[in-house]
Each structure stands twice: as C-alpha cells, then as structure tokens.
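Please look through the following structure with its sequence at hand. The report below takes up a few local features in turn.

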Amino acid sequence: MDIKTFFGKILAGLKRFWTWIKPYLSSFHQWRKRVWKKYQINKIILLLGLVVVLITSIYLFYLAKSANVKTLKSDLSQSTIVYDANNDEAGKLGNKGFFVTLDKISPYIQDAVISTEDKRFYNHHGYDIQGIARAVVGKLTFRNAGGGSTITQQLAKNALLTQEQTFDRKAKELFLAIEIEKKYSKEDILAMYLNNSYFGNGVWGVEDAAHKYFGVSAAEVTPGQAATIAGMLKGPGIYNPIDYIENATNRRNTVLQLMVNNGKLSQGEADAEANIALAGQLQDNYSDANTDYRYPSYFDAVIDEAVNRYGLKESDLLNKGFKIYTSLDQNYQLAMEETYRNDSLFPPNAADGVKVQSGSVALDPKTGGVKAIVGSRGDHVFRGFNYATQTKRSPGSSIKPISVYTPALESGYKPSSILQDVPQDDYYPAKNYSGTNRGEVPMYEALGESLNLPAIWLTRQMGVDKGFEKTQKFGIPLVKEDRYPGLALGGLRTGVSPLTMAAAYAPFANEGKQPETHIITKIVDSTGAVREDKTEVKSKQIITKGVSEEITSMLLGVFSNGTGANANPYGYVMAGKTGTTETDFDPSKTNDQWVVGYTPDVVISTWLGYEQTDENHYLEGSSATYASNIFNSQASGIMPHTKQTPFTVADAYATGGEMVAAGQGQQEPNSDWKDNVQDIGGKVKEGAQDIGGKLKEGADDIGGKIKEGWDATKEGLKNFFGGLNGQ
C-alpha cells in the first residue's frame, strides 16, 4: 500500500466519523446554549475573572507596600557594619561596592546604560508598555526581543527580589517598580541601579567596575569604556574584558551603536571609539576597601544567629546597611586567631593530608556574650561548617563536673569526701586512664586526676537520674539513650559544641548563674530603627553560689596539679577540666580532645579532632598534649586583656579539700616546691662552701668536692621538679 492510498483511507475514516458524531455535537451545542443563557455563564466567567484579577492585584499591592521601599536608598548606600562590645567598628558584611552619587558618574555611563537597558527611562512610570509588548511578541515568535524590564524593574529585582524567572516574580517586580517610582526621583533610581549592579570578577557598582577594568573613577571614563561597562550588564560572566576580550569588544561596539541610535553619540564618535583596541585600555587599580570581613569565623556566626534566631535573610544582612552590635572582643579574637595560625601547636596532618580540625570559643560568664570564635583550620569557606558552634562531639571527662560532681555536692558530698576508686564492673565497666586504681581517693583528687572509677561509683550511689537531670539543666542536649552510667564519662549519643560547653561552665564562674548565650546585642537598620535589642542580660540560677565555689575549688586543682596543668597559662590562675574520648577500634587512640577553662571574667572552650575518625585519622595521647597546648596559647593571649578578677576560693589541692577563702590560711598548690627551691639553694651553697674550704688541701681534692657539690645540686633539682609534678 502506497502513502497516498494510506492517507486516503484515513481521510475517509475521519469523514465517516464526522458524519456520525455531527448530530450529537449539534444537540450538545443547542443544550449548551440554553443552559448558558439560562444561567448566564458568560457573566459568571467574567465575574470570576475579575475577582481573580482583583485578588491578585490586592496581593501584589500588599507585597509592594510591605517591601519597605522607603528604606531602599539608605539600604543600598550603606554597608552592614559589625561593632564589637565597645561599640568600635570591627568590620563589614557583604561585598557591596563603593556607592557614589549620580553626579560622580560619567554622563557617558548614564547614556550608555539607558540606551542599552531602557531608552524610555525618563518617560515611563516604572514600566514600559512597549517594552512589555515587544517581549511578549518575542516570546511568542521565539525571537530574542529583550526582557521588557525597565531599569526600575531591574532595580526592584536586584535589590528586593530573587533572580528566578517566574510569572509571580515578574508581577511582583512590576508592582514594586511602581512603588519605587512613587518614592524616588529618576536620578535616585538610576544612581541606585548603577551602584547595585554586578560587573563580574567580584565587583559591584560602576565606581568599582571603572577601577577594576580601566583604572579610573566612574567620572573619568571615555565613551568606549562607558559602553564596555554598560555592555557587561547583559552578562558579566561572558562580557567582562578581563576574561572575554573579544566578547567585550563586540558588545562595546553594539552599545556604542545603540548610543548613536538614541542620539547620545555621533556616528563619527562611535566609530572612533570602536577602533580603539580594548585590550590596550585595561588597567586594574581596584582596591576592595569596602569589604572588611575581618574575623571570618565570628562574622559567620553573627550571620547564623541573625538568620536563625531573629529571622533576617542573609541577602538583607549583606546588602541592606544594618548596624550589628555584638559581644566581640577584638583582642580575644586576635589572640585566638594567632593560635590557629600556628600549625606547630597542632598535630601533623594525616598521611593523606587531612588536617586535624578544631574549634574554640571565648565567653563572658556574666553576660553570656560570645567574645571570640574560631571555627576551623585551613581556608575559610563563607558560612561553612563551624566546629566552635555547630559540631556535636562527645565531651569526654570535661562533662564530669556537670554530670557527676555538681549533683554529688548537692547531695551532701564535700570536696574532701573519700570516694571509692575501685572497678564497678557489675554496674558499668570502666577503668582509669592509667589502668590502675588506689582503692580510696578524696573527691578533689578524683576530679583533678580525672579518675573514671570514682565517677562511676558516685553515679551508682546517687542514681543515674540525678546526673541526667542536672546535666540537662546546664543546657547540655541529651536524649533518652543518655540516661545510663556512661553519662558520667561523657558518652553522649548526640554530643556538644565548644559553645555549648562554654555556656555550661559559665555558672561555675558566675556564682551559679547561667546567662543566655548570645553573639548579637543589638541590630539597627539603615534608617536607625532598632530591630532587635538584647542588651539586657537574662540569667537563671542553675546551682547555688556555694556549690559553684566548691566546684571551682576543685577545678582550680585540675589546672594546678591535675590533668589540666599543661593548659594553665604561665603567670595566671585558671580553673577548668580536660576531656578525652577513645576510638572504638583502639582504646589507646583518641577521637576528641577537650579543654574548658575559666576565670570569673572569661570561659574558654576548645575541641580538637578529625572531622571523621577512622583507622587512618585519629589523635594520639590525651588532652594533656595537643589540646592543652592550644588552650594554653589562646589563654596566654587572652588573659592580659581580661579584668583579671581573682577567684574567691582557694585551690582544693592547697587546702586538702577544705573550703577556704582565697588567700586565707592556705598553702600554695603543691607547696613543697618552695621548700625544694630552698633545699636547692642550701645544697648548692653547701657544695660551694665545701669546695672553697678544701681548695687549700690540694688540687687533687678539688675535683672530688666539686662532684659532691654538683651531686647535691642535682638532688635539689630533682626534688624541685618532682614537687612541681605532684610526685
């Protein structure tokens, strides 16, 4: 069967079908007309259509009115500034270009942009019917006839909306453009548009673009340079002259011709500019002076808190000229960052080059204000993962003061109470880090040496519930699976961040009161209106002042004589606790190392570990090694900038666990060292006298006496260092 016969049969079949169905369609049409007329369907459809249009218009009008167009100019002309705790400027958010008024922008740029983007700019009221019609026809005929958006609409899109290509966004853009035109002059609108447009290579605004590509200000460009800048608005990624010189040249020439067509240049001027080699004009003297993301980890956390706690949008924070007041102490922050730049303080990279990660926080225990943050090691990623505020790791023994010893003190135990240092395998299998046990030990020594067996014994005596409930009151996030004896040793299912631990230790430093943790104290918008005000300190009493003093007395001993001795900064007195968690494949290897230390003025919390621990990525030793060195370095830089408020209680190691006010009848921790120093001096003196007294007896005898004197000196030194190490 040929094609002609095939289609002939199909046509014949369709005719027969039409002959059959035509009477039925005619009957249906007559019925439809009667019903249509009877129930006035045309009017109903028209009414429904008008209702839909009315509702849509009301919705879009509401969006336009609620967009707060009146602050647009102040939003765009100001950068968002971050202030520290002293209200000093600490840096800026966002990458906003340098804002210049229209009289500082060359008429060539203005003419080029208007000729290219919106030649009827000065004649319409925010929307251009001809442009919209041209765009619709272009879409229907599949021709590129332009987008139909005016400069005002583009400003609304860039400053107030997203870049998504939807009807909803276009409708919003139209209504916002009308509102903008009501509020601002054409000159203001053009200036805002030119300062808020992107020109590639990280550059925003015509002033920075002129410096980036031609080494001049926006007031000094030539017609050809202005055409190049205007041409980039269509697509800075493909029309900027640094990366795409040929595209940029062709686009420049197109814009020059549009300027001729619009009466802004003569054909001769345009031709002359088009004959100039664009590559020879390129010069970059751009300075990113308006971008000052000075403290990346801290500023990331500022944005996170503004977004997550106060509901602001990231784009608004970066572009709308807020003033954000924070608890930042720039001296603390600089000291912390200096530590993290010193790779020698950290473990070496793994064999595959992966860095050991870390995060640290400094917190004011009285106000809850976060004073400093470093969230990671290595290159900064904008709002990347922050190990100081976002990580969730098991705290190890750093949780013992919270989950074990605080509830024990509240149950009537004292720092001098004798605890059982024996295995509790029938209750919960555990062992001390040394693998040994002493049978009995005072509480302050059990905490100071971070012994596990006494902590498990105490938990058994008090009951798991008491430690679980108390830990929750300190703000440690727990799940039902954490209600087990291993909580005493920090074995949490979810884990904590350094910020969480710093907040949990704040009551020990603040007479039992825990303030609300915060980074931001106040947010002010570009018009001066206060959006958020958290300057009033809110605290809750977690434990009594007496219990906080007892815990502090014991934690002073941790840093003077216990596991935290290496973390204590030279010349300063701090209290605190270390923590270590072991891997599940080798108990001699560690997942996490922690140090949390404090004074009445500051709490510093540090975590160290790999992002993912496995057989190739693990830590060696305990927190007394790397984590303590890192903590020590930070604290040594931070402490000189604190008020250096003294502790009110004595070190439990100096008082045998008795509660004594600081400086009242106490011995220095491990005070034997003073006697050892005196002993050194006495033995050295004795040896020297021996030598001097025997000089006259002959040279042969001198050597022997020198040796005796030296042996005496060595014995004194041995006693001295033995005393310092608590031996």
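## Helix H17 and the residue after it

In this predicted model, helix H17 is followed by Gly412, a residue whose phi is positive, near 110°. The helix itself spans residues 400-410, and because 10 of its 11 residues are buried, H17 is largely enclosed by the rest of the structure.

The buried residues of H17 are Lys400, Pro401, Ile402, Ser403, Val404, Tyr405, Thr406, Pro407, Ala408 and Leu409, a list in which the charged residue Lys400 stands beside residues such as Ile402 and Val404.

## A buried aspartate in strand E6

Asp421 belongs to strand E6, which covers residues 418-421. Although Asp421 is buried, it has no salt bridge, and the nearest side chain of opposite charge, that of Arg438, is 5.0 Å away. This distance does not qualify because a salt bridge requires the charged atoms to lie within 4 Å.

What does the side chain of Asp421 reach at 2.8 Å? Its partner there is the backbone nitrogen of Arg438, so that Arg438 appears both as the nearest side chain of opposite charge and, through its backbone, as a polar contact. When neighbours within four places in sequence are left aside, the residues in contact with Asp421 include Asn432, Asn437, Arg438, Gly439 and Glu440, and also Val441, Leu451, Leu453 and Pro454.

## Aromatic pairs and a cluster

A search of the whole structure finds 20 aromatic pairs. One of them joins Phe17 and Trp20, whose rings are tilted, with 5.9 Å from centre to centre and 40° between the planes. These two residues are 3 residues apart in helix H1 (residues 3-39), and are therefore separated by about one helical turn. An α-helix has 3.6 residues a turn, so residues three or four places apart point the same way. Phe17 counts as partly exposed, at 47% relative accessibility, while Trp20 counts as exposed, at 51%.

Tyr340 and Phe346 form another pair, which is tilted because the planes of the rings stand at 55°, with the centres 5.3 Å apart; both Tyr340 and Phe346 are buried. Elsewhere, Phe474, Tyr505, Phe508, Tyr598 and Phe647 form one aromatic cluster.

## Charges over rings

Two further aromatic residues have a positively charged side chain over the ring. The charged end of Lys186 sits over the ring of Phe121, at 4.6 Å from the ring centre, and Arg493 lies over the face of Tyr484, where the distance to the ring centre is 4.9 Å.

Key. Residues are numbered from 1 along each chain as its sequence is written. This is a predicted model: local features need pLDDT of at least 70, side-chain atom pairs count only at pLDDT 80 or more; totals for chains, interfaces and linings use all residues. Side-chain values use heavy atoms; hydrogens and water are left out. Helices (H or I, at least four residues) and strands (E, at least two) are DSSP runs, numbered from the N terminus. Buried means under 20% relative accessible area, exposed over 50%, partly exposed in between (1.4 Å probe, protein chains only). A polar contact is a pair of N or O atoms within 3.5 Å; within protein, one must be able to donate a hydrogen and the other to accept it, and residues adjacent in sequence count only if both atoms are side-chain atoms. Contact means heavy atoms within 4.5 Å. Rings of Phe, Tyr and Trp (its six-membered ring) pair if their centres lie within 6.5 Å; planes under 30 degrees apart count as stacked, over 60 as edge-to-face and the rest as tilted. A charge sits over a ring if NZ of Lys or CZ of Arg is within 6 Å of the ring centre and within 35 degrees of the ring normal.
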